[in-house]
Amino acid sequence: RDTCLATFLLSGISCPRAARPSIKGQPATPAEPFGDEALEFVKDQIMQREVEIEVESCDKAGNFIGYLFAEDKNMSVELVKEGLAKMHFTAERGKYFDHLSRAEADAKDAQKRMWKDSLKLL
């Protein structure tokens with residue numbers, strides 16, 4: 001029985017990293033602010049559920065990049081909406097730019113998580 005590991009990166013967002021254990025001589029890394037919370041949020045949304053992915057591209061390391069949907073919810077948009085991620089500049093080229101932009105504006109207005117201390121512009 002063979003095992004195949006595929007890495008899938010969510011497109012259109014910049015999300016803080018969760019803590020990582022020491023693996024193969026690499027030192028453990030602590031979580032960035034909201035990284036562990038973002039990981040738990042996604043796990044709660046997708047584990048033991050059917051998901052759909054839209055692959056946009058692959059990066060130089062061979063990782064798939066695209067969008068992940070669970071119960072018709074775009075996980076990139078959901079993370080931004082919850083203030084657990086922010087829109088990446090590459091989102092402007094993606095087909096979900098309007099959704100991501102609106103989600104980020106709403107999260108900023110509500111001062112959710114990473115936007116808690118941001119200034120509201122009048």
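**Pocket, core and cysteines at a glance**

Helix α1 supplies the largest share of the lining of the largest pocket, with 6 residues. Keep in mind that this is a predicted model. Besides that pocket, there's a nonpolar core to look at, with 15 residues in the largest one, and a disulfide count that comes to 0.

**The largest pocket**
- The volume of the largest pocket is about 1,000 Å³.
- It's lined by 24 residues, and Phe8, Leu9, Leu10, Arg20 and Leu39 sit closest to the centre.
- Three elements each give two or more residues to this lining: β1 (8–10), β2 (13–14) and α1 (35–46).
- By type, the lining residues split into 17 nonpolar, 4 polar and 3 charged.

**The largest nonpolar core**
- Ile13, Leu79, Val80 and Leu100 are the members of this core that touch the most other members.
- Two or more core residues come from each of α1, β4 (64–70), α2 (75–81) and α3 (97–109).
- Take Leu100: setting aside neighbours within four places in sequence, its contacts are Gly12, Ile13, Tyr67, Ser76, Val77, Val80, Met87 and Ala91.

**The cysteines**
- Why does Cys4 have no bond to Cys58? The closest cysteine sulfur to that of Cys4 is in Cys58, and at 12 Å it's too far for a bond, since a disulfide needs the sulfur atoms within 2.5 Å.
- Looking from the other side, Cys58 has its closest cysteine sulfur in Cys4, again 12 Å away and too far for a bond.
- Cys4 counts as exposed because its relative accessibility is 74%, while Cys58, at 46%, counts as partly exposed.

Conventions:
Residues numbered from 1 in each chain as written. Predicted model: local features only at pLDDT ≥ 70, side-chain atom pairs only at ≥ 80, totals over all residues. Heavy atoms only, no water. 1 Å grid on protein atoms, 1.4 Å probe; cavity = no way out; pocket = protein on both sides within 12 Å on 5 of 7 lines; lining within 4 Å. Points joined across faces, edges and corners; volume = space filled by probe spheres on them. Helix = DSSP H or I, 4+ residues; strand = E, 2+ residues; numbered from the N terminus. Nonpolar A, V, L, I, M, F, W, Y, C, P; charged D, E, K, R; others polar. Core = buried A, V, L, I, M, F, W, Y, C linked by side-chain atoms within 4.5 Å. Buried < 20%, exposed > 50% of the residue type's maximum accessible area, 1.4 Å probe, protein only. Contact = heavy atoms within 4.5 Å.
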